[in-house]
Amino acid sequence: MELPEVEVMRRDLEKDVVGRKIQSAEVRPTRNAMRVVRRHGKRKEFTSRLEGRKITKAERRGKYVLLHLDNGDVLVVHFGMSGRFLRGTKRQSLPPHTHVVLTFHQGGDLRFVDPRTFGEMFVTTADELGKVKELQHIAIDPLDHVFTWQTFGGLLAQRASKLKPLLMDQKFISGLGNIYSDEVLFAAGLRHDRMSDSLSSQEVRRLYRALQEVLQEAIRYRGTTLEDEAYVDLFGKPGEFQAELKVYGREGQPCRRCRTPIQSVKIAGRSSYYCPQCQS
DNA sequence: GTTTAACCCTGCACGC
DNA sequence: TGCGTGCAGGGTTAAA
């Protein structure tokens with residue numbers, strides 16, 4: 001789950017979960033449930049800090065969602081590759097790999113489902129929140145209004161790195177993963193292996209605009225759902241941006257702009273897709 | 001400083 | 001049909 005999917009999830013949570021009070025919290029007896037709440041030694045250390053609390057705010061930081069509680073504590077959630085939140089009711093059976101269930105006073109529950117358990121969740125106090133290493137290291141958000149193309153150009157020039165891994169580096173800029181970094185680079189007309197300090201100011205502006213446009217569009221389409229098991233929103237509904245993808249997963253298919261077949265290469269173990277004609 | 005590989009998991013598609 | 005292999009949208013770490 002990358003920035004657009006996390007942002008759609010945050011908005012769903014804000015509409016449907018903020019304001020609700022947690023009646024009970026359960027860490028399920030699944031094989032890997034303790035991996036999900038790995039920062040808590042025992043189930044109870046996690047659940048007791050949630051029970052009786054009201055959720056007051058849903059915030060996003062990079063790919064993290066922060067659910068603020070009425071006592072100042074914060075439930076920090078990272079979805080990893082297969083984690084997701086799902087709203088449900090008592091009558092609906094729990095999907096496989098449901099590791100955590102929060103049941104609300106007003107009815108209904110919130111399930112955290114994660115087959116591959118690369119995701120995690122933990123509760124922290126407001127004071128300790130600032131000390132969470134992963135959150136401290138999250139770089140500027142590309143949709144933040146303080147993120148200007150001039151700032152971005154300065155950051156790019158300071159580094160001597162290939163664009164693709166740099167865009168995916170959460171300490172450089174937050175929110176992009178494998179799909180959207182490819183789509184942004186295509187929209188900017190830049191190759192994955194262009195060096196960050198080699199861009200003209202025109203190219204910097206193109207990259208900057210591509211970031212805004214691709215991410216905003218993906219949010220508007222409610223995220224990318226590639227396969228059945230992949231991302232769905234809070235209510236189990238898939239996104240629709242997959243139909244808008246220009247390069248990701250389209251190896252061998254004609255470029256939507258110039259009809260040249262899309263190429264794929266492995267970079268650091270991850271597949272990258274690009275148009276050899278449109279990107280340089 | 002930058003890049004690569006390995007690792008943490010499960011599920012699925014694919015080829016034999 | 002069954003089995004092994006590789007791969008998947010993330011992030012950390014150690015080593016090159």
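**Close-up 1. C275 is a buried cysteine.** The relative accessibility of C275 is 0%, so this residue counts as buried. Buried means under 20% relative accessible area, exposed means over 50%, and partly exposed lies in between (1.4 Å probe, protein chains only). C278 is buried too, with a relative accessible area of 12%. This is a predicted model: local features need pLDDT of at least 70, side-chain atom pairs count only at pLDDT 80 or more, and totals for chains, interfaces and linings use all residues. Residues are numbered from 1 along each chain as its sequence is written, chains are lettered from A and ligands numbered from 1 in the order in which they are written, and side-chain values use heavy atoms, with hydrogens and water left out.

**Close-up 2. The cysteine sulfurs form zero disulfides.** A disulfide is a covalent bond between the sulfur atoms of two cysteines. Here it is called when a pair of cysteine sulfur atoms lies within 2.5 Å. Why is C275 not bonded to C258? The sulfur of C258 is the closest cysteine sulfur to that of C275, but at 3.6 Å it is too far for a bond. C278 is in no disulfide either; its nearest cysteine sulfur, in C275, is 3.7 Å away. The search of the whole structure finds zero disulfides.

**Close-up 3. Protein residues surround DNA strand B.** A residue is near a strand if one of its heavy atoms lies within 4 Å of it. Those around DNA strand B include R31, H97, F118 and K162. By class, this surface has three nonpolar, three polar and five charged residues. Ala, Val, Leu, Ile, Met, Phe, Trp, Tyr, Cys and Pro count as nonpolar, Asp, Glu, Lys and Arg as charged, and the others, Gly among them, as polar. Of the strand B atoms within 4 Å of the protein, 68% belong to sugar or phosphate, and the rest to bases. A side-chain N or O atom of S161 is 3.0 Å from a phosphate oxygen of DNA strand B. A backbone N or O atom of A160 lies 2.9 Å from a phosphate oxygen of this strand. For P115, a backbone N or O atom lies 3.2 Å from a sugar or linking oxygen of DNA strand B.

**Close-up 4. DNA strand C is surrounded by 21 residues.** The closest are K63, A230, Y248, R270 and S271. Of the strand C atoms within 4 Å of the protein, 53% belong to sugar or phosphate, and the rest to bases. In R270, a side-chain N or O atom is 2.4 Å from a base nitrogen of DNA strand C. In K266, a side-chain N or O atom is 3.2 Å from a phosphate oxygen of the strand. The surface near DNA strand C divides into six nonpolar, seven polar and eight charged residues.

**Close-up 5. Helix α6 has buried residues on one side.** Helices (H or I, at least four residues) and strands (E, at least two) are DSSP runs, numbered from the N terminus. Which residues of α6 are buried? They are F152, G153 and L156. They lie on the same side of α6 because they cover an arc of only 100° around the axis. The arc is that of the directions from the helix axis to the C-beta atoms. The face turned away from this buried side carries the exposed residues Q150 and Q158.

Notes
Polar contact = N/O pair within 3.5 Å; in protein donor to acceptor, adjacent residues only side chain to side chain.
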